[in-house]
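I opened a new model today and kept notes. Here is what I looked up, entry by entry.

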Amino acid sequence: MSFDTVLTRRLGIKIPIVQGGMQWVGYAELASAVSNAGGLGLVLTSLPRVERMLMSNQLTALTQSSPEALRQEIRRCRSMTAAPFGVNVTIMPAINAPDYKSYVSVILDEGIRIIETAGDNPGAVIQSLKAAGCIIIHKCTTIRHANSAIKLGVDFLSIDGFECAGHVGESDITNFILLSKARQSLEVPFIASGGFADGQGLAAALSLGAEGINMGTRFMCTIEAPIHLNVKQAIVDGNETDTTLVLRRWKNTMRLYGNGVAKKAAVIEKNSASGLFDEVAPYVNGQRGREVFQNGDINHGVWTAGQVMGLIHDIPSCEVLCKRIEREALETLSRLRNLVTASKL
Ligand SMILES: Cc1cc2nc3c(=O)[nH]c(=O)nc-3n(C[C@H](O)[C@H](O)[C@H](O)COP(=O)(O)O)c2cc1C
């Protein structure tokens, strides 16, 4: 038995699992491993998202990346998998906005036709990708934003509950409500994102009306994720209570792994009389977060992880993980079927 959902059919994948775009993690090694395992891997455009957001919305020279770098990453991914994979384009406000047009050109030139978009004002990017026949999965944390994206013509919504890693939005609605609200009100198929790690979760998401799931933190904790083993071990050791929210004051709320630096940033944010972002900026420096992934000192800077940490207990390959989630989901659905009887007599 295998899954057959709108997501698997449209994307040409075997298992309804998407690996969400991840800054400093979503490189070709991970994306290709997820795609080879039957899900959809996503290469992140090397847009300096976390850096930009965390550094007062200024692009830094350090993280300026080029469309050419994206081209090379796409080619690297293609050399590692013959299965479909996509590209994440995260669009955030910036004083010096990256040259999105060139990124879009590279994506199209390289034959990528599945794109995960996220962030603010994605209209122009979505419209040019749609005009070229791409399938767009737009990630958002509210039904209002989902409806705006539908007007832009997106093919799928990725509904990201408050449990999720990274940008959680400002309305704090968890997936139990958000997914049913999506089922009740959206006219476009959606996938469930935030808080998923196993097949029971996939079965639940399908029951609530989703066509599949999107996972970030769970995929960080796989053999192929190109980050230091200490980070993976911290996720295994971590609990659902071990995340910290920062930047709410600036309406840019992020869920971070709750290390000392993140907690310190949260305290400064809460107590600052001036309310100046500059007070918190040194603590939420994105470059230090990148170094955590490279060097494995999990307290060196802030980095992102979701509440689903509490459900992650191992570091499997993407193949083992995806197959296990598929099996668990199929077993769960069959167990539920057995809970139904024709008659009590
Ligand atoms: C380390 C990390 C970096 C992330 N960076 C991005 C990003 O640059 N763009 C984006 O759209 N989502 C980003 N996300 C969010 C994921 O794509 C996904 O939506 C989220 O992790 C889902 O929640 P989960 O972690 O509970 O599975 C990131 C998540 C993690 C864990």
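In what order do the eight strands of the open sheet stand? I read off β1-β9-β8-β6-β5-β4-β3-β2, with parallel pairing. Helices (H or I, at least four residues) and strands (E, at least two) are DSSP runs, numbered from the N terminus. Two strands pair if DSSP finds at least two bridges between them.

I noted the source next. This is a predicted model, in which local features need pLDDT of at least 70 and side-chain atom pairs count only at pLDDT 80 or more, while totals for chains, interfaces and linings use all residues. Residues are numbered from 1 along each chain as its sequence is written.

**Entry: the parallel sheet.** I checked the edges. They are β1 (17-19) and β2 (41-44); each has a single partner strand, so one side of each lacks a neighbour in the sheet. On average, neighbouring strands of this sheet are turned by 30° against each other, direction ignored. Axes here are lines fitted to C-alpha atoms, for helices over the stretch in contact, and angles run from 0 to 180 degrees between N-to-C directions. I then followed β2 to β3 (residues 85-91): four bridges join these parallel strands. L42 faces G86 of β3.

**Entry: the ligand.** Which residues are closest to the ligand? I found G20, A118, G216, T217 and G306, out of 30 that surround the ligand. A residue counts as near if its C-beta atom, placed from the backbone, lies within 6 Å. β3, β9 (213-215) and α10 (217-220) each give at least two residues to the shell. α10 has the largest share, with three residues.

**Entry: two helices.** I looked at α4 (residues 67-80) and α5 (residues 100-109). They pack at about 25°, and their axes are 9 Å apart. α4 and α5 are therefore roughly parallel (angles under 35 degrees count as such). P67, L70 and R71 of α4 make the contact with S102, Y103, S105 and V106 of α5. Contact requires C-beta atoms, placed from the backbone, within 7 Å.

**Entry: the second sheet.** How are the three strands of the other open sheet paired? The pairing is antiparallel, in the order β7-β11-β10. β7 (166-167) and β10 (243-246) are at the edges with a single partner strand each, so one side of each has no neighbour in the sheet. Four bridges link β10 to β11 (residues 254-257). T244 sits opposite L256 in β11. I also saw α12 (residues 260-271) lying across β10 and β11, at about 35° to β10.

Technical notes:
Angles under 35 degrees count as roughly parallel, over 145 as roughly antiparallel, 65 to 115 as roughly perpendicular and the rest as oblique. Two residues are in contact if their C-beta atoms, placed from the backbone, lie within 7 Å.
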